[in-house]
Amino acid sequence: MTFDELTVNLAALTAMLGERSLALAIADDQLRVQWLCDPMHLTDATGAASAGQSLLDIAPELMGYERALDDLLTGRGGEVEIPLFSRETGTEETRYLRLLVRPWPALAANLGHTNSHGDWPASPGVQPDAVRPPGVILFLEDITPIGELQQRLMQSRNELSLQTDALNRANNELAAANQELSKLADVRSTFVSMAAHELRTPLAVMRGYADMLLDETLGALNDAQRESLETLRHGGDRLLGIVNNLLDLTRLETGRMELVLHALDLGDLARAIAREFRPLLEAKQQNLAVAVAPDLPAALCDETRVFQILSNLLSNASKYTPAGGRIDLSVGLADTADELLVVVRDTGVGIPADQQDQLGTLFFRARTANRVDARGVGLGLYITRSLVQLHGGRLWWESQEGQGSTFCVTFLQADAPDQ
Ligand code: ADP
């Protein structure tokens, strides 16, 4: 090969290295650079200036790898690789590089690109030795796109891990707060339940005495005494109702409300409730009509609780309907298969459209409740709905302010296929 040919080959090699963003350096057994081709300026050195320089000067990242390099030179190690590191360029850009050092045992013989002396062309100023001792070859590759990607990936991973940490912390705090809350809820339930039990007994005794006095077992009453006693009994009934509702509430909240389910004739039950309510309704000049569809199948219910559900609805219908109004109670088959439908309709004050969604939530009372003299605490409907749901049924309502309300309840048929 002539020197001209070598020049062409070197130019081709330089172009190829440039195309692949690679730099090559060959160093001797003292790690002195013998030859450097760095068309992309991946190192600070130039070919000429690098001659005789330490390999560690043009690749300072190799510091700390001296032992491994020594192993390479003595044939004990395969290669040294630094897969990714960064370097600042003169223009303050960051370049990401990969570095690989391999042994270079027979320097001249392994290369096709030899000069006329059969030797690897030295950088200007370096005299090629006739027989080179073994050395190393260094590959420096510009992998900036990959490096930037990895960097971004690492950043995203770090951010993700920070966010995960924050989320875990928030979750732990939430779990602790929930635990505290549930402890407080337990304390509250226990307190309400105990207080309600304690209140119930003396209330029942007071009511019993009021009944006895009203029966005139202990002597005749004058009109004023009777009226006072009736007020006392009425107040006692109201208090007992609230206490019982509080007890039911704690039972529902703590999952201790248990149903005793039987096949029940809802028509009979509706008539029985109507009988019980009639005196109260007559006192308000309210007219109650009961309609029961013929040949209804039995419903699967807890009798006491269905009584409570329908009583609540009838009591509300009466409470929120002015004197002289009308109440309809009907029992029939629901449109859906396997269900019975009970409807309580009144001609009362109704519920404002914008508040209908809130109805049935704990302690909620609609604006229209004040239009009639009806006291309450907003517990009844919540308990009613919970009891209906415990039965596997549904409760819903339709109402128009000033026109009246309709409350509908479904119960499952006792002989439905999936019972
Ligand atoms: P309370 O009657 O003790 O206030 P409820 O839970 O039974 O509690 O009812 C909640 C609210 O729903 C009532 O305060 C009232 O505003 C409204 N409501 C219930 N039933 C009727 C009805 N039939 N007509 C009009 N409003 C009703």
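This briefing describes the overall make-up, nonpolar cores, salt bridges, ligand surroundings and one buried loop residue of the structure above.

The model is predicted, and its protein chain contains 9 helices and 12 strands. Of the 419 residues in the protein chain, 38% are buried, while the chain as a whole exposes about 23800 Å², with carbon and sulfur atoms supplying 53% of that area. When contacts in the protein chain with a separation of 6 or more are considered, 64% of them are between residues 24 or more positions apart.

**Nonpolar cores**

- The largest nonpolar core has 40 residues, and within it Leu266, Leu313, Leu314 and Phe411 are the ones that touch the most other members.
- Helix α7, which spans residues 266-283, gives the most to this core, contributing 7 residues.
- Apart from this core lies another one of 24 residues, which includes Ala25, Leu31, Val33 and Leu42.
- Once its neighbours within four places in sequence are set aside, Leu314 is found in contact with Ile273, Phe277, Leu288, Ile327, Leu329 and Val344.
- As general background, nonpolar side chains tend to be buried together in soluble globular proteins.

**Salt bridges**

- A search of the whole structure finds 21 salt bridges, and the general background is that side chains of opposite charge can pair when their charged atoms come close.
- Arg98 and Glu81 form one salt bridge, in which the closest N and O atoms are 2.8 Å apart.
- Because Arg98 belongs to strand β4 (residues 94-104) and Glu81 to strand β3 (residues 80-88), this pair ties together parts that are 17 residues apart in sequence.
- Both partners are classed as partly exposed, Arg98 with a relative accessibility of 29% and Glu81 with a relative accessible area of 35%.
- Another salt bridge joins Arg188 to Glu253, with 2.4 Å between the closest N and O atoms.
- Arg188 lies in helix α5 (residues 144-214) and Glu253 in helix α6 (residues 223-253), so the pair ties together parts that are 65 residues apart in sequence.
- Here too the partners are partly exposed, Arg188 at 43% relative accessibility and Glu253 with a relative accessible area of 35%.
- Arg326 and Asp328 also meet through their side chains in a salt bridge, with an N to O distance of 2.7 Å.
- Of these two residues, Arg326 is partly exposed with a relative accessible area of 38%, and Asp328 counts as partly exposed at 21% relative accessibility, a value to be read against the cut-off of under 20% for buried residues.
- Salt bridges also link Arg207, Asp211, Arg233 and Asp237 in a network.

**Surroundings of the ligand**

- There are 20 residues around the ligand, and those that come nearest are Asn316, Tyr320, Arg365, Ala366 and Leu381.
- Tyr320 places a polar side-chain atom 2.7 Å from an oxygen atom of the ligand, whereas Asp346 has a polar side-chain atom 2.9 Å from a nitrogen atom of the ligand.
- The backbone takes part as well, since a polar backbone atom of Gly380 is 3.2 Å from an oxygen atom of the ligand.
- On its own the ligand has 530 Å² of accessible area, and the protein covers 96% of it.
- Two or more residues of the shell around the ligand come from each of the elements α8 (303-319), α9 (380-390) and β12 (404-412), and α8 gives the most, with 3 residues.

**A buried threonine in a loop**

- Thr43 is placed in the loop between β2 (33-37) and α2 (47-50).
- With a relative accessible area of 5%, Thr43 is buried, because the cut-off for that class is under 20% relative accessible area.
- The side chains of Thr43 and Asp38 are joined by a polar contact of 2.7 Å.
- Leaving out neighbours within four places in sequence, the residues in contact with Thr43 are Leu36, Asp38, Ile58, Arg87 and Leu140.

Methods: Residues numbered from 1 in each chain as written. Predicted model: local features only at pLDDT ≥ 70, side-chain atom pairs only at ≥ 80, totals over all residues. Heavy atoms only, no water. Core = buried A, V, L, I, M, F, W, Y, C linked by side-chain atoms within 4.5 Å. Buried < 20%, exposed > 50% of the residue type's maximum accessible area, 1.4 Å probe, protein only. Helix = DSSP H or I, 4+ residues; strand = E, 2+ residues; numbered from the N terminus. Contact = heavy atoms within 4.5 Å. Salt bridge = Lys/Arg side-chain N within 4 Å of Asp/Glu carboxyl O. Near = heavy atom within 4 Å. Polar contact = N/O pair within 3.5 Å; in protein donor to acceptor, adjacent residues only side chain to side chain. Areas by Shrake-Rupley, 256 points an atom, 1.4 Å probe, with all protein chains shown as cover.
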